[in-house]
Amino acid sequence: MTAQSQALSSAADYIKAPLLYKGKVRELYDLGEHYLIVVTDRISAFDYILDPAVPQKGNVLNRLSAFWFEQTALIQPNHVIHTDVDKLGDIVTEPELLRNRIMVTKKAQRIDIECVVRGYITGNGWRQYQQTSAINGIELPEGMRKNERFPKPIFTPAAKNDVGHDEDIPFERMQEMVGAELAEELRDCSIRLYEFAREYCAKHGIILADCKFEFGLIDGKVILIDEIFTPDSSRFWAEGNYAFDIEIDSMDKEPVRTYLLGSDWDRDSKPAPLPESVVNETTNRYLDIYSRLTGSSLV
């Protein structure tokens with residue numbers, strides 16, 4: 001088994017730098033002037049981190065983000081310094097294990113808003129619409145159908161919570177939290193980024209249904225941070241699967257969700273380890289979306 005095919009649950013044993021934050025998938029280390037982000041193969045569903053980790057997942061997420069940050073740099077500056085593990089020297093004790101999983105970034109002050117853009121009415125947006133005829137306070141026409149495309153993308157922000165779920169908020173609440181001028185800049189930038197990626201995806205037979213962004217500030221200027229247009233931050237549909245009024249199989253960790261919902265899991269405790277077949281199918285999903293979007297293969 002090669003280093004690249006092993007699943008990585010944590011990088012803490014291989015990095016000689018302080019661990020600042022451990023998320024569901026990403027780990028953030030302090031390099032002094034910069035941050036080091038390591039994307040692991042951990043996978044979560046229904047608010048639980050699952051076992052085992054999914055081989056190649058972190059590789060795909062990190063390289064897709066790097067791809068998109070490069071593609072969108074002229075639309076919005078981002079936090080990337082480099083993604084070359086060899087430049088880290090003896091900070092990394094097992095460079096082959098972390099190759100393609102690292103990103104050295106500028107240090108930005110995070111804006112505690114998740115910037116969500118929806119091009120189609122689905123998921124949580126559809127559930128809101130069924131209950132209130134609106135999404136995040138945006139009134140929508142009657143009679144919309146599940147998975148219908150909006151005439152124009154809509155911006156539906158959420159207030160970030162480090163514990164628990166992010167909170168959907170109306171744009172007016174976002175303006176109160178961060179100021180009207182910054183809120184408008186974040187909204188307009190998010191929509192521009194979405195429209196760019198939607199057009200790109202369409203050329204590759206993929207529908208970008210919705211996505212989310214995070215932004216930060218450096219010297220008062222907005223910068224794009226975290227990840228962009230990955231299966232963990234965006235909803236991708238294969239064009240051939242698109243239809244109204246159904247649950248479209250998304251190009252991400254859907255095999256895991258499907259398996260758990262069809263199992264005897266009680267929903268109140270961490271699920272049992274995933275079967276090897278589900279893990280392998282999920283790996284293949286991530287590799288497939290990477291190759292479709294970039295035109296290159298990781299294996």
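Here's a quick tour of one sheet, the helix lying across it, and a pocket. Keep in mind that this is a predicted model. The sheet is open and built from five strands, and the pocket is the second largest one, with about 160 Å³ of space.

**The sheet**
- Going across, the strand order is 1-2-3-7-6, with antiparallel pairing.
- Strand 1 (19–22) and strand 6 (80–82) sit at the edges with a single partner strand each, so one side of each has no neighbour in the sheet.
- On average, neighbouring strands here are turned by 30° against each other, if you ignore direction.

**Strands 6 and 7**
- Strand 6 pairs with strand 7 (residues 102–105) in the antiparallel sense, and two bridges hold the pairing.
- If you want a residue to look at, take His-82: its bridge partner in strand 7 is Val-104.

**The helix across the sheet**
- Helix 1 (residues 57–71) lies across strand 2 (26–30), strand 3 (35–39), strand 6 and strand 7.
- Relative to strand 7, helix 1 runs at about 40°.

**The second largest pocket**
- Its lining counts 13 residues, and the ones nearest the centre are Ile-138, Phe-155, Phe-171, Glu-172 and Arg-187.
- Strand 12 (149–155), helix 4 (171–178) and helix 5 (180–202) each bring at least two residues to the lining.
- Strand 12 gives the largest share, three residues.
- Sorted by class, the lining has nine nonpolar residues, two polar and two charged.

Terms used: Residues numbered from 1 in each chain as written. Predicted model: local features only at pLDDT ≥ 70, side-chain atom pairs only at ≥ 80, totals over all residues. Heavy atoms only, no water. Pairing = 2+ DSSP bridges. Helix = DSSP H or I, 4+ residues; strand = E, 2+ residues; numbered from the N terminus. Axes fitted to C-alpha atoms, helices over the stretch in contact; angles between N-to-C directions. Contact = heavy atoms within 4.5 Å. 1 Å grid on protein atoms, 1.4 Å probe; cavity = no way out; pocket = protein on both sides within 12 Å on 5 of 7 lines; lining within 4 Å. Points joined across faces, edges and corners; volume = space filled by probe spheres on them. Nonpolar A, V, L, I, M, F, W, Y, C, P; charged D, E, K, R; others polar.
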